[in-house]
Amino acid sequence: MDLGITDRVAIVTAASRGIGFAIARELAREGARVFICSRSAENIIEAAYRIRAEVGVEVTGIRANVTSEQEIERFVAEVLNQAGRVDICVTNAGGPPASTFDEADLEMYRRAFELNTLSAIRLARLVIPEMRRNRWGRIINITSVSAKQPIEGLILSNTTRAALTGWAKTLSAEVAADGITVNNIAPGYTLTERQTELAEARAQKLGKTKEEILAQWAEQTPMKRMGQPEEIAAAAVFLASERASYITGVTLQVDGGYVRGIF
Ligand code: NAD
């Protein structure tokens with residue numbers, strides 16, 4: 001299938017590693033002109049270099065923190081300056097810390113809302129006018145299965161992802177007639193660097209091995225394994241493609257069957 005995104009201009013935030021990096025690489029493989037950002041200039045330039053070396057196309061890494069209005073404005077301005085347009089925008093960020101109701105104070109909610117809800121809204125406000133002008137656009141928010149099935153001990157993720165999902169559904173209807181689709185990808189347990197670090201920390205706390213913790217997580221999915229970042233990327237790139245032109249307002253879980261509900 002020809003995905004039809006050769007020469008489309010794509011933004012992927014929080015892409016120096018993990019799911020964001022895998023999506024950026026897959027978009028580059030499909031011939032898109034990709035711009036990526038993360039908080040560290042060194043890491044994002046290195047990530048862009050790795051994709052360029054592997055795929056053989058131009059990828060640009062720019063330092064920007066998704067929680068900073070100024071830095072994200074500068075990032076989008078730089079993309080427009082270099083490429084003249086934005087067609088695809090993948091909103092991704094780091095995850096909020098694990099916590100329960102008793103552990104989370106209001107400041108933690110504010111920070112999580114900035115990181116996982118407002119960051120996507122902020123980006124959309126910058127790119128949608130450009131997409132409207134071209135009457136074509138794809139917004140893909142990376143959320144979590146916690147938006148569909150709240151996860152015990154992750155009250156900040158459960159709250160902020162659900163808020164973003166409500167916003168995205170509303171936005172999808174408002175921009176549909178302009179040729180813009182808005183969808184979410186909800187990853188399940190995916191073997192990224194962050195998950196390996198979390199498994200190590202949890203293993204130390206519980207006196208277990210990292211492998212035991214990873215096996216426990218894998219066991220929770222019907223497929224009995226964790227996902228690979230490339231499996232999330234494949235779904236994201238499809239939603240970003242010309243072929244997904246009649247799909248909007250959905251949350252697609254890529255989770256090996258983790259979510260047990262039927263919607
Ligand atoms: P990761 O930690 O491996 O990568 C996160 C990336 O985001 C890194 O490049 C980091 O530099 C960047 N980043 C973090 N905060 C940033 C900020 N404020 N501004 C700019 N860049 C920032 O994480 P991941 O596992 O790839 O997860 C990506 C997203 O998917 C997170 O929101 C995570 O909660 C969510 N998610 C992950 C899983 C999983 O199992 N990996 C499951 C469900 C949801």
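The expected span of a helix is 1.5 Å times one less than its number of residues. Keep that in mind for the opening stop, and remember that this is a predicted model.

**Stop one: helix α3**

Select residues 69–83. That's α3, with 15 residues, and from its first C-alpha to its last it reaches 21 Å, close to the 21 Å expected. Now colour E71, I72, F75, V76 and V79, the buried residues of this helix. They cover an arc of only 135° around the axis, so they sit on the same side of α3. The background here is simple: an α-helix has 3.6 residues a turn, so residues three or four places apart point the same way.

Turn the view to the other side of α3 and you'll find Q70, R74 and N81, which are exposed. Then turn back and show what covers the buried residues: the cover includes β1 (9–12), β2 (33–38), β3 (59–63) and α4 (106–134). Before you leave, click on G84, which follows α3 and has a positive phi, near 80°.

**Stop two: the ligand**

Centre on the ligand and bring up its surroundings. The shell holds 28 residues, and the closest are S16, N65, R161, T190 and T192. Three helices, α1 (18–29), α4 and α6 (193–206), each supply at least two residues of that shell.

Which backbone atoms should you pick out? Here are some distances to draw:

- V66: a polar backbone atom lies 2.9 Å from a nitrogen atom of the ligand.
- G94: a polar backbone atom is 3.1 Å from an oxygen atom of the ligand.
- G188: here a polar backbone atom is 3.3 Å from an oxygen atom of the ligand.

Switch on a surface and see how much is hidden: taken alone the ligand exposes 830 Å², and the protein buries 91% of that.

**Stop three: S99**

Go to the loop between β4 (88–91) and α4, and select S99 there. Is S99 buried or exposed? Its relative accessibility is 2%, under the 20% cut-off, so S99 counts as buried. Leaving aside neighbours within four places in sequence, show its contacts: A104, M108, G153, L154, I155 and L156.

**Stop four: R8**

Finally, head for the segment before β1 and select R8. At 16% relative accessibility, R8 counts as buried too. Add D87 to the selection: a polar contact of 3.5 Å joins the side chains of R8 and D87. Not counting residues up to four places away in sequence, R8 touches A32, R33, R85, D87, I88, W136 and E242.

Technical notes
Residues numbered from 1 in each chain as written. Predicted model: local features only at pLDDT ≥ 70, side-chain atom pairs only at ≥ 80, totals over all residues. Heavy atoms only, no water. Helix = DSSP H or I, 4+ residues; strand = E, 2+ residues; numbered from the N terminus. Buried < 20%, exposed > 50% of the residue type's maximum accessible area, 1.4 Å probe, protein only. Arc of directions from axis to C-beta. Contact = heavy atoms within 4.5 Å. Near = heavy atom within 4 Å. Polar contact = N/O pair within 3.5 Å; in protein donor to acceptor, adjacent residues only side chain to side chain. Areas by Shrake-Rupley, 256 points an atom, 1.4 Å probe, with all protein chains shown as cover.
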